[in-house]
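Student: I'd like a close look at one part of this model, with the cut-offs spelled out as we go.

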Amino acid sequence: MIAEELWDLTNGASFVSLGGLAPGVDIILKLEGLNPAGSIKLKTAREMICAAEASGRIRRGSELIESTSGSLGIALAIISAARGYPLTLVTDPNTADRTIHHMRALGARIVVVKERDANGGYLQRRIEYIQNRIAQDENLVWLNQYANPANVDAHRKHTINEILDECGTPDWLFVGAGTTGTLMGCVEGLRAREAHTQVVAVDSVGSVTFDTPPQRRYIPGLGTSRRPEIFVDHDSLMKVLIPETDTVRMCRRIAAERGLLIGGSTGTVLAAVAGMADRIDIGSRVLAISPDLGERYLDTIYNDAWVISHLGEQALDPSVPLAPRFLTDYLTLGVARA
């Protein structure tokens, strides 16, 4: 394939079989990190910018601004550089230094918000900064991934169709909940196809998206300190929270056992799959979405000193059992236990 534009190389048909997490279960991992932006956010960025251009929100002289923990920022910086749009990315201290260097290298202006919000995170403060900026500058266009329906459309139109076209209809689909664009897009896409897939929404302990108590978090990607406007809590969703210590253990396990360096969001999703292994029927087909790979986490998740200082030595102990927190009663969903 010779692409007309760099962002057309989304590489949405990359899947790998991942045995060992749930005996007797066919687990397929959708690798979204094999594109020029290194994450699933390339589809989100492309859809939001194209929608804004089509509607006339982006016009001559426009400058873009967005809140990001890293992956979307890189994707937006790639497209903005090619389109000639000045771009400001608002992030926080949890974003890895190498990710910030990456965004700057692509020409983005970086603002790091260091004041925590009422829920112990940074998201609300990042958004407040943007709101103040756009109130002062009419040329600034905030794409707002947390409320933008184009975020959902990207995955309704592309991600879920890539899954169904390549793998057929899975029995289970595990999706991380960050902005919830991927999650909501997959849910809408499955409903449109009338697919009988059990969707598991996976989030980090300390995130407030599922109306659970806030707690300080250190790994970017999943989780929010403010519920995204695009999230709709369907009764059919199964919801699971994963401690960040489990995220670290799973990332390191997959690297050691499979030679695959996965990102924090992927580790969180796979920890949910492994934590539910005894609840999934033998012979089921399980598909998990891997939003990114692990190069951006070399200084954090894969760095012993960082893990010990932020999460404690127990996060490095592979013998500690996984501790997923289930927020949904399986019986109310009609899901059979293995």
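Student: With which side chain does the side chain of threonine 159 make a polar contact? Please take me from there to the sheet and the aromatic pairs.

Tutor: Sure. First, this is a predicted model, so local features need pLDDT of at least 70 and side-chain atom pairs count only at pLDDT 80 or more, while totals for chains, interfaces and linings use all residues. Residues are numbered from 1 along each chain as its sequence is written, and side-chain values use heavy atoms, with hydrogens and water left out.

The partner is lysine 43: its side chain and that of threonine 159 make a polar contact at 2.9 Å (N or O atoms within 3.5 Å; within protein, one able to donate a hydrogen and the other to accept it, with residues adjacent in sequence counting only if both atoms are side-chain atoms). Threonine 159 sits in helix α5, residues 149–167 (helices are DSSP runs of H or I, at least four residues, and strands are runs of E, at least two, numbered from the N terminus). Threonine 159 is buried, at 0% relative accessibility (buried is under 20% relative accessible area, exposed over 50%, partly exposed in between, using a 1.4 Å probe and protein chains only). Leaving aside neighbours within four places in sequence, its contacts include Glu32, Ile40, Cys186 and Ile289 (heavy atoms within 4.5 Å).

Now the sheet. Four strands form an open, parallel sheet in the order β5-β4-β3-β6 (strands pair if DSSP finds at least two bridges between them). β5 (109–112) and β6 (140–142) stand at the edges with a single partner strand each, so one side of each has no neighbour in the sheet. Strands β3 (63–67) and β4 (87–91) pair over 4 bridges, and glutamate 66 has leucine 89 in β4 as its bridge partner. Helix α2 (71–83) lies across β3 and β4, at about 175 degrees to β4 (axes are lines fitted to C-alpha atoms, for helices over the stretch in contact, with angles from 0 to 180 degrees between N-to-C directions). Helix α4 (123–136) packs on the sheet too, touching β3, β4, β5 and β6.

As for aromatics, there are 2 pairs (ring centres of Phe, Tyr or Trp, the last by its six-membered ring, within 6.5 Å; planes under 30 degrees apart are stacked, over 60 edge-to-face, the rest tilted). Tryptophan 172 and phenylalanine 174 are stacked, 6.2 Å centre to centre with 20 degrees between planes. Phenylalanine 210 and phenylalanine 231 are tilted, at 5.7 Å and 45 degrees. Both of these phenylalanines lie in the loop between β8 (198–204) and β9 (238–242), so the pair ties together parts 21 residues apart in sequence.
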